[in-house]
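Here is a short round of questions on a protein model. Look at the fold, then work through the answers.

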Amino acid sequence: MDTDLYVIQSVSGSDGEFECLVELNPGSVIYKAHFPEEPITPGVCLLQMVSDCVERALGRNACLRTARNVKFIAVVSPKETSSLSVSLRIQDEAVKATVQDGDKVFAKMSLVYAYV
């Protein structure tokens, strides 16, 4: 997905274990709308970020079928965080993802994808 909200800088790993480095764009139109004075990354955008990382890691299109468990633990503010690490554990269609910056965890997700 093309977005001005973030850029996936790198993807590393193999055998179902991947690490993605994602850089946020604090000038994104999304942050101007959500919220201009105190911008935060919408949860649905974090979910899309994980999906984009899954696609990049596997090198094929992925369609989210089920979000089994999604926990937003902390707010992602581009004022405080310029890049995120997305850790993926992929086993067939099941994906466990953690979005964090260093030791600070922002979200944990258990998702199921169909690959096309």
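## Strand pairing and cysteines

In this predicted model, valine 70 has methionine 109 of β6 as its bridge partner.

Q: Which strand does β6 join through nine bridges?
A: The bridge pair of valine 70 and methionine 109 places the second residue in β6. β6 covers residues 104-115 and runs antiparallel to its partner. The strand joined to β6 by nine bridges is β3.

Q: What is the order of the six strands in the open sheet?
A: The pairing is antiparallel. The edge strands, β1 (6-14) and β3 (62-72), each pair on one side only. From one strand to the next, the twist averages 25°. The order is β1-β2-β4-β5-β6-β3.

Q: What angle does the direction of helix α2 make with that of β4?
A: Helix α2 spans residues 43-58 and packs on the sheet. Its contacts include β2 (17-24), β4 (83-91) and β5 (94-101). The angle with β4 is about 60°.

Q: Which residue stands opposite asparagine 69 in β6?
A: β3 and β6 are joined by nine bridges and run antiparallel. Opposite asparagine 69 in β6 stands serine 110.

Q: Which residue in the turn between β5 and β6 has a positive phi?
A: Eight bridges join these two antiparallel strands. Glutamine 100 stands opposite valine 105 in β6. The hairpin leaves two residues between β5 and β6. The turn residue with a positive phi, of about 65°, is glycine 102.

Q: Is serine 85 buried or exposed?
A: Serine 85 is found in strand β4. It touches Glu19, Cys20, Thr98, Val99 and Gln100, leaving aside residues up to four places away in sequence. Its relative accessibility is 16%, and the cut-off for burial is under 20%. Serine 85 therefore counts as buried.

Q: Why is there no bond between the sulfurs of cysteine 53 and cysteine 20?
A: Cysteine 53 is buried, at 0% relative accessible area. The closest cysteine sulfur to that of cysteine 53 is in cysteine 20. A disulfide needs the sulfur atoms within 2.5 Å. The bond is ruled out because the sulfurs are too far apart, at 3.7 Å.

Q: How many disulfides does the count come to?
A: Cysteine 63 is partly exposed, at 43% relative accessibility. Cysteine 63 is in no disulfide, and the nearest cysteine sulfur, that of cysteine 53, is 17 Å away. Cysteine 53 and cysteine 20 are too far apart for a bond. The count of disulfides is zero.

Terms used. Residues numbered from 1 in each chain as written. Predicted model: local features only at pLDDT ≥ 70, side-chain atom pairs only at ≥ 80, totals over all residues. Heavy atoms only, no water. Pairing = 2+ DSSP bridges. Helix = DSSP H or I, 4+ residues; strand = E, 2+ residues; numbered from the N terminus. Axes fitted to C-alpha atoms, helices over the stretch in contact; angles between N-to-C directions. Contact = heavy atoms within 4.5 Å. Buried < 20%, exposed > 50% of the residue type's maximum accessible area, 1.4 Å probe, protein only.
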